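Welcome, and thanks for taking a look at this one with us. Please open the model below, and then we will walk through a sheet and some charged pairs.

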Amino acid sequence: MKSPWPQDTIARRFALTIMAAVTVAATLSALAVSFAGSWLSSPANEAGLFQAVTSISHAIDVAPPEMRPTLARAASTKLYEVDWYDAASPLAVALDRESGPEDIHPLPSPWLEALGRRALVFTATAADAGRLGLRADVGTHPRPRFLGVPLRDGSWLVYMARDWSRDLVRLSRVAITLVLLLLSAAAVSLIAARQLSRPIERIAAAARQFGTDPKAPPIIESGPRELRGVIQAFNDMQGQIQKFVGYRTAMLAAISHDLRTPLTRMRLRGEFVEDPVQQARLFRDVDEMQAMVDGALAFFRDDADEEAVTAFDLAGLLTTIADEFADQGITIPYTGPPHAVYRGRPFALKRAFTNLIENAIRHATPPTVTLEEVPAHNGAAQDARGMLAITVRDDGPGIPDDALDQVFSPFFRLDRSRNRVTGGVGLGLTAALAIIRAHGGDIILSNRPGGGLDARVTLPVT
Ligand SMILES: Nc1ncnc2c1ncn2[C@@H]1O[C@H](COP(=O)(O)OP(=O)(O)O)[C@@H](O)[C@H]1O
Ligand SMILES: [Mg+2]
């Protein structure tokens, strides 16, 4: 059944984010207004002031002139100051002409209706105040604002708002609203962005894991539609690669296996070779091929072995290998921490390190083994993981520099006659590298200037 809601897409998430941000911002502003009260309220609430202006003006208009200054003073409140100017005063004359004080203009109409007469808004500099006899403390306010209301006999009532911070209030109101809006929008977008980036980070982590572990499980599909599409494509690709690799391995294993039958037949036919020298050569070749086939089959068997990834003590694993060689009378000193927890396939890793140690014993001298914990770099995200570095160091002849890479190739051996004695088929390093690579690590061989070979294995800690 199709859901009535649009699918979970990135577009929908953006829209929802913006909607949520606006809602939160509006709610916060509303809350702020109701808590901060009049301070944040709009100037429209000054309607109350105009109500007062209207009634005061009407009252003083009908009072006898000699009472007007007293009445005006009595009508003053902490919000505004009222003053009366008789018709002959310079200010009254100037106001009648609507010129004189700065920025003089009629009060906008909505406020005039209840007043029933014209009213003027103006400001005044100190000079204006002096010239026009304006009795107001102009000096303390940078831009005082006045309201002039004419009375019937041509005298004027002048109201001066005491709260000259009003301009400032308006500014802070805008600033506070803006800050609230920005903060809430930032908070909402941060949460939404986190929600969006989490599935992307999961894909990145899975891709990285697939790099270190080709047998990694597929990623669970979740998140918006576009990302689910990416995950699906990634899982399909991973499945294809796994199938392809599996097919190749199975084919090579089958070939190796099928070579055994003709080899056995050759061995039997060799019995009929008359020339004993030729016969000995043939047997040696057949034996070598047999060893190679067996080695290859063992390699594929180990490779197909689906060992589970577990957390184990790598330092313990290295000392165990050393102990096993000690049983054969070979001492392998270990340097490093007594414990180093690592997530990987312990049996495969044991084969890899055993191969390296056996190589040193066979082709050089019993090695020393060193384990180091290399902390994470504080750089790019993929470098943010630490790693374990294991060095297998011997004092043998080393490997010629131009063969340092080749020795990892299957069946490659440096000195075939020497190896004939040692019995290897040239798959030891191949297998070790395959195992370490499957853990996302690497093996680097290097000759030491003073002689001897260093095999440095790095294993990233996931
Ligand atoms: N520690 C070492 N010192 C010198 N040569 C080495 C060492 N390890 C490996 N080699 C050379 O690399 C070749 C490949 O090694 P490997 O793949 O393990 O095959 P093998 O079965 O011959 O041991 C060896 O035949 C040997 O010539
Ligand atoms: Mg070997």
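## The sheet

This model is predicted, and a good place to start is an open sheet of 5 strands, ordered 1-5-4-3-2 with antiparallel pairing. At its edges sit strand 1 (80-85) and strand 2 (102-106), each of which pairs on one side only. On average, neighbouring strands of this sheet are turned by 20° against each other, direction ignored.

If you would like to follow one pairing in detail, try strand 2 and strand 3 (residues 120-123), which run in the antiparallel sense and share 3 bridges. Within that pairing, His105 has Val121 of strand 3 as its bridge partner. As a reminder, strands of a sheet pair through backbone hydrogen bonds, either parallel or antiparallel.

## A helix on the sheet

Which strands does helix 3 touch as it packs on the sheet? Helix 3 (residues 68-75) touches strand 1 and strand 5 (156-161). The direction of helix 3 makes about 170° with that of strand 1.

## Salt bridges between and along the chain

Now to the charged side chains: the structure holds 14 salt bridges. Side chains of opposite charge can pair when their charged atoms come close.

One of these salt bridges joins the side chains of Glu324 and Lys350, at 2.8 Å from N to O. This pair links distant parts of the chain, with Glu324 in helix 10 (residues 314-327) and Lys350 in helix 11 (residues 346-363), 26 residues apart. Are these two side chains buried, exposed or partly exposed? Glu324 is partly exposed, with a relative accessible area of 35%, and Lys350 is partly exposed too, at 24%.

Another salt bridge brings together the side chains of Arg437 and Asp442, with an N to O distance of 3.3 Å. Arg437 has a relative accessible area of 45%, which makes this residue partly exposed. Its partner Asp442 is also partly exposed, with a value of 25%.

## A charged network

The side chains of Arg448 and Asp454 meet in a salt bridge as well, at 2.8 Å from N to O. How does Asp454 sit, buried or exposed? Asp454 has a relative accessible area of 9%, and because buried means under 20%, Asp454 counts as buried.

This pair also belongs to a wider arrangement: Arg393, Asp395, Arg448 and Asp454 are linked in a network of salt bridges. If you select these four residues in your viewer, you can trace the network of Arg393, Asp395, Arg448 and Asp454 for yourself.

Notes: Residues numbered from 1 in each chain as written. Chains lettered and ligands numbered in written order. Predicted model: local features only at pLDDT ≥ 70, side-chain atom pairs only at ≥ 80, totals over all residues. Heavy atoms only, no water. Pairing = 2+ DSSP bridges. Helix = DSSP H or I, 4+ residues; strand = E, 2+ residues; numbered from the N terminus. Axes fitted to C-alpha atoms, helices over the stretch in contact; angles between N-to-C directions. Contact = heavy atoms within 4.5 Å. Buried < 20%, exposed > 50% of the residue type's maximum accessible area, 1.4 Å probe, protein only.
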